[in-house]
Amino acid sequence: MVRSSRSPHHRARANAMAARSVTKSAITIANPNKPPPEVNGISGDSSPSSVHTHAEGSPNNHHPSVTAHVAPISITPRPFSLRPPENNWTSLDMGGVNIKNLPSSSGLFSFTFLVTLYLNHNALSSIPPEIAKLRHLELLDLSGNNLTSLPPELGMLTQLKELYVFDNHLSTLPPEVGSLHHLQTFGVEGNPLDATLKSLVQKDGTPALISYLRDTGPVPAPPPERTWKYLLSQVEQQALMSDPNSENISVLSYNILCEKYATERLYGYTPAWALLWDYRKELILNELLASDADFLCVQEMDVAQYEEYFSKHLSRDYTGVYSPKSRAKTMDNEQERRFVDGCAIFYKTSRFQLVEKQLIEFSAVAMQRQDFKKTDDMFNRVLGKDHIAVVCLMEDKQTGTRFIIANTHIHSHPAYRDVKLVQVALLVEEVEKIANNFSKLPPRPPQQHSDGGSSPPPTRPPPAYSDGTKIPLIIAGDFNSIPQSGVYEFLNNGTLAADHPDFMSHTYGRYTSEGPRHRLGLKSANSSLGVGEPLTNHTPPFQGTIDYIWYSTANLGVNAVLGEVDKAYLEKVVGFPNAHFPSDHICQIAEFRVKHPKDQAPRTPSL
């Protein structure tokens, strides 16, 4: 079929001819096998057996290839999946017109909306790296040219399902092609291909070839170290360091990608060896230890990982508080229960004392609310989710300063924006109650050492808290919500309209009659830089911010945050996890200073 498409614009003319032959008065018959349209970036049928509808003019079911078809690989739900920019045409046929050179400056590479591109039967001897800009391509035909190599950047086109390079002069393939995890058909006939590659594709088909290239390719160079971004001047930093009453805390938040979720089906672009838990867990542990943070807030850690690995390897400096998601309580099979993921908070034992720990189960809290009990939406949408938050009430052993550290993992699916909002609103309400109760506890007496002596007296008396808002608060976690979401708006502003679009016209008692509100005065640590939120999640269908470290601005100030991953590195990486990043999420770290009463800003030394 491809070889018969040598004439200029063969596919475009064939499609035009087919369109003209359709009687105008004909009634359109819906395809019963076609999935329903996408909602919120997620296809109505995301099952592995979904029928793939090819771009207009593609060969569809009769691929001239030596390879076999494979089912599309499902994608982990993200706030938004990869969708091409809106355009009234998405296919371009430049085949058979004797193009000899495709310059890097070609306007073709500005057509980022393209889904189908035919460059077959020209006289091209190379394809420029800028091909990587066409990220939405699902079909690319480069057959019948004079290509002796393919650009490594081709591996960035992770939406490709059909790639044809018939009748060129290719003897090998770049290992980066192994990132094309959605590729169903790879046409390579008519090339002097390396015997190993040719045998592999002829015997086992496209999936085997892609896996081989992915798993045997060289490890790319690591990115530069992430650098700290300081919000204080050097004078202010020195003043803090010299002030005996200054208190700083550092907080890490990290979704480590639970072992059971790290499958080839979901992360087909990741080398198999880099997806193994034994490889990833060491990188994760090294990252946690290297941070030297006072508090480690970790999401997607299962029971076995917590008990058998992280607790043991962090025990020298940290003590952990952990809870799996709610469903673990109802599971009879102990082996299965150990693979339920949850949230953990590790704190530095040398400096902090755990006063109390609290578990917030959103579904259980929702059940207790009077205004939710008669709501069908609550039963149908919220109560079936088992997401949680872990809250630690802490005291500094030396100063008596109290801290509230909350770690949460909010529901992920973009079709449940209302559930995310409800879970976060419930979380904030519970934290407010916990904080108010914590403020009523009397200051603890000086700690006694084992030899009978007491701790040295602090340089200032232990603080007294008139209410919960006076206690320094951190709410960290994976919120699965972008900065433009209702979740972000609510946490950042303290209020949200009752008819906010993210409630999706569902009914949730007072939240949708009056609007949720809080008075915690929260702000995202990374937003303090004034340049927007950084990238925290990097996969082929989604690159954006969904992880945050929120802090109470009345009694905490940001000293510094760990900067972003190098942008030049990210431009060459399909997605995480990979050899250098063990999770699809990027670790977030921030350092804060405690604002004591009458001390709302760091003092500068007098001249």
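Me: Between which two domains does the second largest pocket lie, and why is it placed there?

Reply: In this predicted model, the lining of the second largest pocket takes residues both from domain 1 (84-218) and from domain 2 (230-442 + 461-594), so the pocket lies between them. As for the general idea, rolling a probe the size of a water molecule over the atoms shows where empty space is left. Here the space in the second largest pocket comes to about 820 Å³, and among the 31 residues that line it, those closest to its centre are Glu176, Ser179, Pro220, Lys572 and Val573.

Me: Which elements give two or more residues to that lining, and how does the lining divide by class?

Reply: The elements that give two or more residues are α3 (206-216) and α14 (567-571), with α14 giving the most, namely 3 residues. Divided by class, the lining holds 18 nonpolar residues, 7 polar ones and 6 charged ones.

Me: What does the protein chain look like as a whole, in secondary structure and in burial?

Reply: The protein chain has 14 helices and 20 strands, and 53% of its 607 residues count as buried. Its accessible surface is about 27,300 Å², and carbon and sulfur atoms hold 53% of that area. For the contacts, consider those with a separation of 6 or more: residues 24 or more positions apart account for 71% of them.

Me: How should I read a single loop residue, and is Lys440, for instance, buried or exposed?

Reply: One can take the place in the chain, then the accessibility, then the neighbours in space. Lys440 lies in the loop between α11 (417-439) and β14 (473-478), and because its relative accessibility is 65%, over the 50% cut-off, Lys440 counts as exposed. The C-alpha atom of Lys440 is 7.5 Å from that of Tyr465, a residue 25 positions away along the chain.

Me: Where is Gln398 found, and how far is Gln398 from Arg351 in sequence and in space?

Reply: Gln398 is found in the loop between β12 (388-396) and β13 (402-409), where a relative accessibility of 38% makes it partly exposed. Although Gln398 and Arg351 are 47 residues apart in sequence, their C-alpha atoms are 7.3 Å apart in space.

Me: Which residues does Ala497 touch, leaving aside those up to four places away in sequence?

Reply: With those set aside, Ala497 touches Phe503 and Gly515. Ala497 belongs to the loop between α12 (486-493) and α13 (509-513), and it is partly exposed, with a relative accessible area of 39%. Another pair to consider is Ala497 and Pro516, which stand 19 residues apart along the chain and have their C-alpha atoms separated by 7.5 Å.

Me: Turning to the backbone, what is the phi of Asp167 and of Asn480, neither of which is a glycine?

Reply: Asp167 has a positive phi of about 55° and sits in the loop between β4 (162-164) and β5 (185-187). Asn480 has a positive phi of about 50°, and its place is in the loop between β14 and α12 (486-493). Because the relative accessibility of Asn480 is 5%, under the 20% cut-off, Asn480 counts as buried.

Me: Is the peptide bond from Phe576 to Pro577 cis or trans, and where is the place of Pro577?

Reply: The peptide bond from Phe576 to Pro577 is cis, with omega near 0°. Pro577 itself is in the loop between α14 and β20 (588-594), and α14 is also the element that gives the most to the lining of the second largest pocket.

Terms used:
Residues are numbered from 1 along each chain as its sequence is written. This is a predicted model: local features need pLDDT of at least 70, side-chain atom pairs count only at pLDDT 80 or more; totals for chains, interfaces and linings use all residues. Side-chain values use heavy atoms; hydrogens and water are left out. Helices (H or I, at least four residues) and strands (E, at least two) are DSSP runs, numbered from the N terminus. Buried means under 20% relative accessible area, exposed over 50%, partly exposed in between (1.4 Å probe, protein chains only). Contact means heavy atoms within 4.5 Å. Accessible areas come from the Shrake-Rupley method with a 1.4 Å probe; for residues, only the protein chains shown count as cover. On a 1 Å grid over the protein atoms alone, a cavity is a set of points where a 1.4 Å probe fits but cannot get out, and a pocket is an open set with protein on both sides within 12 Å along at least five of seven lines; lining residues have an atom within 4 Å of a point. Grid points are joined across faces, edges and corners, and a volume is the space filled by probe spheres set on the points. Ala, Val, Leu, Ile, Met, Phe, Trp, Tyr, Cys and Pro count as nonpolar, Asp, Glu, Lys and Arg as charged, and the others, Gly among them, as polar. Domain bounds come from an automatic or database domain assignment.
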